[in-house]
Amino acid sequence: MAEDCLFLTLKKGNIDIRRMTNGIPQVSFVIPVYNEESNLPTLVERLTKIMDQSQIKLEAVLIDDGSRDNSRAMLKQLALTDPRFHVVLLSRNHGHQLALTAGLSVARGTEGVFVLDGDLQDPPELLEEFYAKHLEGYEVVYAVREKRKEPWYKRMAYFVFYRILKKIANVDIPLDSGDFSFIGRKVVDILNQMPEESRFIRGMRTWIGFKQVGISYNRQERAFGDSKYTFSKLVQLALNGIFNFSEFPIKFVSSAGFLAIASSLMYFFYVVIKKLFIGQVIEGFTSLLFVIILFGGIQLLAIGILGEYILRIFFQSKSRPNYIIDQEICEGKPVK
């Protein structure tokens, strides 16, 4: 292990003495990549420029999430030629959240990690601004999306989802904040200890606590290619956020059940009173069909919501690894 050394950082006229290890980066970029061969050259160019100019000792951890284009070969060649790029190649496509989890587990930044996407919608140039907030004592500095250059229906879906989640979640997840963030080493270590299979990292990050603050920015549109987050993947991510951080679905089923019972009792008493005092019995196939559909729908909804919770318990109980690393290249050499 390399020897410890001291370095001095000037901040607002005061000397801030910090400890780090020789050769070990202070901050790690953590960037999942999936079929981004058209964006990679620009991303690497911008990251290289930042690493060349920054006073912070940096590394870039790029995680290939089972790409089917040329991204994998490009990343491998990059890591072998520039030791500042730390590349992790997963065995298959595990999904964005698990790829990000893999990156957090190998990131070596002694002070923290800077998480962003590989599609250039999250500008890596904001590192200095986020890092400055970290130096003020914030363990998590998350980005708040002021404007999104995406189709209106996507913007509307995100807007509605975040506000519903904030209303029903048992932790105060910030509005319009994604995975783009600076996460301090303390929080990264705790995230790495959390074995959840259905991960919603922005929620887990909030649940951990410590001092957190948001920084507003305008989210850019993709430089090249199409979004790899399909509608079904976005729905799954939303469900993970709701079912992992809210008791509302199961309580909603209970409330719906009580409401259905109350409604049926009221209807029953109405029929009895009409029979006894008026001498009429309500007949008709339509009313019977309505009652059957109502109660059948409530039962199916209850089973579906219970199934979501049971499904998460089922997958978690298998205790399988969340991801499998095929190859890792660090400091220009394959990791054995």
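Start by selecting serine 71, which sits in helix H2 (residues 71-81). Keep in mind as you click around that this is a predicted model. Serine 71 has 0% relative accessibility, so it counts as buried. Now show what surrounds it: setting aside neighbours within four places in sequence, serine 71 is in contact with Val33, Asn35, Glu36, Glu37, Leu40 and Asp64.

**Next door in H2**

Step along to arginine 72. Arginine 72 is partly exposed, at 22% relative accessible area. Which residue does arginine 72 form a salt bridge with? Pick aspartate 326: the closest N and O atoms of the pair are 2.9 Å apart. Arginine 72 is in helix H2 and aspartate 326 in strand E10 (residues 325-330), so this pair ties together parts 254 residues apart in sequence. Aspartate 326 counts as partly exposed, with 49% relative accessibility.

**Strand E4 and its partner**

Go back to Asp64, one of the contacts of serine 71, and select strand E4 (residues 58-64). How many of the residues of E4 are buried? The count is 7 of the 7, so E4 is largely enclosed by the rest of the structure. Colour the two faces separately if you like: Leu58, Ala60, Leu62 and Asp64 are on one side, with Glu59, Val61 and Ile63 on the other, and both faces are covered.

Add strand E3 (residues 27-33) to the selection. E3 and E4 run parallel and are joined by 7 bridges. For a specific pair, click isoleucine 31, whose bridge partner in E4 is leucine 62.

**A charged residue inside E4**

Stay on E4 and pick glutamate 59. At 2% relative accessibility, glutamate 59 counts as buried. Its salt-bridge partner is arginine 108, with the closest N and O atoms 3.1 Å apart. Arginine 108 belongs to the loop between helix H3 (96-106) and strand E6 (112-115), while glutamate 59 is in E4, so the pair ties together parts 49 residues apart in sequence. Arginine 108 itself is partly exposed, with a relative accessible area of 22%.

If you want to list every such pair, the structure holds 11 salt bridges.

**Helix H4**

Now jump to helix H4 (residues 127-135), where the buried residues are Leu127, Phe130, Tyr131, His134 and Leu135. Look down the axis of H4: these buried residues fall within an arc of 145 degrees, so they line one face of the helix. Just after H4 comes glycine 137, with a positive phi, near 115 degrees.

**Helix H6**

Select helix H6 (residues 185-193) and show Arg185, Val187, Val188 and Leu191, which are buried. Try the axis view on H6 too: its buried residues fall within an arc of 160 degrees, so they line one face of the helix.

Arginine 185 deserves its own click. It counts as buried, at 18% relative accessibility, given that the cut-off for buried is under 20%. What does arginine 185 form a salt bridge with? The partner is aspartate 189, and the closest N and O atoms are 3.1 Å apart. Both residues lie in H6, 4 residues apart, or about one turn of the helix. Aspartate 189 is partly exposed, at 34% relative accessibility.

While salt bridges are on screen, select Asp52, Asp82 and Arg84: salt bridges that share partners join these residues into one network.

**The loop after H6**

Move on to serine 198, in the loop between H6 and helix H7 (201-208). Buried or exposed? Serine 198 is buried, with a relative accessible area of 13%. Excluding neighbours within four places in sequence, its contacts are Asn240, Asn244 and Arg312. For a distance to draw, take serine 198 to phenylalanine 243: the C-alpha atoms are 9.6 Å apart, and the two residues are 45 apart in sequence.

**Last stop: the surface of H9**

Finish on leucine 276, in helix H9 (residues 248-278). At 63% relative accessibility, leucine 276 counts as exposed. Switch on the surface and select Phe258, Ile261, Leu265, Phe268, Phe269, Ile273, Leu276 and Phe277. Together they form a nonpolar patch on the surface, with about 950 Å² of accessible area.

Terms used. Residues are numbered from 1 along each chain as its sequence is written. This is a predicted model: local features need pLDDT of at least 70, side-chain atom pairs count only at pLDDT 80 or more; totals for chains, interfaces and linings use all residues. Side-chain values use heavy atoms; hydrogens and water are left out. Buried means under 20% relative accessible area, exposed over 50%, partly exposed in between (1.4 Å probe, protein chains only). The arc is that of the directions from the helix axis to the C-beta atoms. Contact means heavy atoms within 4.5 Å. Patches are made of residues with over 30% relative accessible area and no salt bridge: like charges are joined within 9 Å, nonpolar side chains (Val, Leu, Ile, Met, Phe, Trp, Tyr) within 5 Å. Accessible areas come from the Shrake-Rupley method with a 1.4 Å probe; for residues, only the protein chains shown count as cover. A salt bridge is a side-chain nitrogen of Lys or Arg within 4 Å of a carboxyl oxygen of Asp or Glu. Two strands pair if DSSP finds at least two bridges between them.
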